[in-house]
Amino acid sequence: MSKNVMITDDVFNIFGDDFDRFRFPADICRVTAGNGGEALLIMGSEKTALLDCGMAYCGKSMTANLKKELKIRGREKLDFVILSHSHYDHIGALPYVKDEFPEVIVCASHHCCEILKRPNARNLIKELGTAARDLYAPDDKGDITIEGLAVDLVLKEGDSISLGKERIIAIETKGHTDCSMSYGLEPYRLLFTSESTGMLERAEYVHTPILKDYSDSMISMKKCMDYKAEYLCLPHFGMLPKSFNDKYWEMFEEACQEKLDFVKQMKAEGLDENKMVNQYIKKYWDPALKQVQPIEAYIINSKAIIKAFLKVL
């Protein structure tokens, strides 16, 4: 069996060695395997939930981690999978989870449910999943399966899932995609944000992967701020120090404006789409980001981001 290649340089060590971005204020553990996508096991007093699944190429390793952590805690059952959205790096390993836990209930937005029924979307998930396998596990020639990519329980704004004394509350946060959801974990006031409200990549930079609609992302930011979370957990990053919460929202808003100005400048210069994408990648792509995203996916997203920002100019 081939071994997954882990890129070990932690480009996200922003707050120093004394801060553990995967130390949670509740019984939550990281069961991520390989690079590119996170998977978090939430242990409720009565039930369990997996927030996202990570990529397909490390699906078997991730489910092994998942089973190990459940066993350590004296549990055998995974009750729910909660999906943030339909992208391959968040749902690719779902078929492996369903193989191990066939009775698990997969929860996501209505739009996510519909997307996973579309042949073109499923084909893209397979294509990008294969590119990720070739990058992160080049010795692995196993097929990337998309069987089992489906939603069982549709969540809408304000819906909640009981884990016993704990509840997961669904918050629609469009912008990155139309199917993006954030989730609040009560009673901890822990908010798992979506990519619609950005990702911290460096101490001074918030990435703004707004692929669909800029205005929706601004609405999503307000929703997240109105939740008044005590703790923030960002996609592809982990926890923020509590003292950084307000600063993060300032940085996200500033980053959106900076990117809007950059796209506006390229438009004023009369650049066509291809030249805009080239300039965007030159400005924002950092090779260290291959920890979380193959360049093929970054290029696709860059095109979508530019289009989304052009809509408001």
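**Exercise 1.** Does Leu 155 count as buried or exposed, and at what relative accessibility?

*Solution.* The model is predicted. Start with the location: Leu 155 sits in strand E6, residues 153-155. Next, take its relative accessibility, which is 4%. The cut-off for buried is under 20%. Leu 155 therefore counts as buried. Then look across the chain. His 111 is 44 residues away from Leu 155 in sequence, and their C-alpha atoms are 9.8 Å apart.

**Exercise 2.** Find which side chain of opposite charge is nearest to Asp 89, and say what polar contact the Asp 89 side chain makes.

*Solution.* Place the residue: Asp 89 belongs to helix H2, residues 88-91. Asp 89 is buried, yet it has no salt bridge. The nearest side chain of opposite charge is that of Arg 30, 12 Å away. A salt bridge needs the charged atoms within 4 Å. Now turn to polar contacts. The Asp 89 side chain makes one with the side chain of His 236, at 3.2 Å.

**Exercise 3.** Identify the residues of the positive patch and of the negative patch on the surface, then classify Lys 307 and Glu 254 by exposure.

*Solution.* Take the positive patch: Arg 118, Lys 212, Lys 303, Lys 307 and Lys 311 form it. Lys 307 lies in helix H9, residues 295-310. Its relative accessible area is 46%, so Lys 307 is partly exposed.

Now the negative patch. Asp 246, Glu 250, Glu 253 and Glu 254 gather there. Glu 254 is part of helix H7, residues 245-268. Exposed means over 50%. Glu 254 has a relative accessible area of 53%, so Glu 254 is exposed.

Methods
Residues are numbered from 1 along each chain as its sequence is written. This is a predicted model: local features need pLDDT of at least 70, side-chain atom pairs count only at pLDDT 80 or more; totals for chains, interfaces and linings use all residues. Side-chain values use heavy atoms; hydrogens and water are left out. Patches are made of residues with over 30% relative accessible area and no salt bridge: like charges are joined within 9 Å, nonpolar side chains (Val, Leu, Ile, Met, Phe, Trp, Tyr) within 5 Å. Accessible areas come from the Shrake-Rupley method with a 1.4 Å probe; for residues, only the protein chains shown count as cover. Lys and Arg count as positive and Asp and Glu as negative; His and the chain ends are not counted. The place of a charge is taken as NZ of Lys, CZ of Arg, CG of Asp or CD of Glu. Helices (H or I, at least four residues) and strands (E, at least two) are DSSP runs, numbered from the N terminus. Buried means under 20% relative accessible area, exposed over 50%, partly exposed in between (1.4 Å probe, protein chains only). A polar contact is a pair of N or O atoms within 3.5 Å; within protein, one must be able to donate a hydrogen and the other to accept it, and residues adjacent in sequence count only if both atoms are side-chain atoms.
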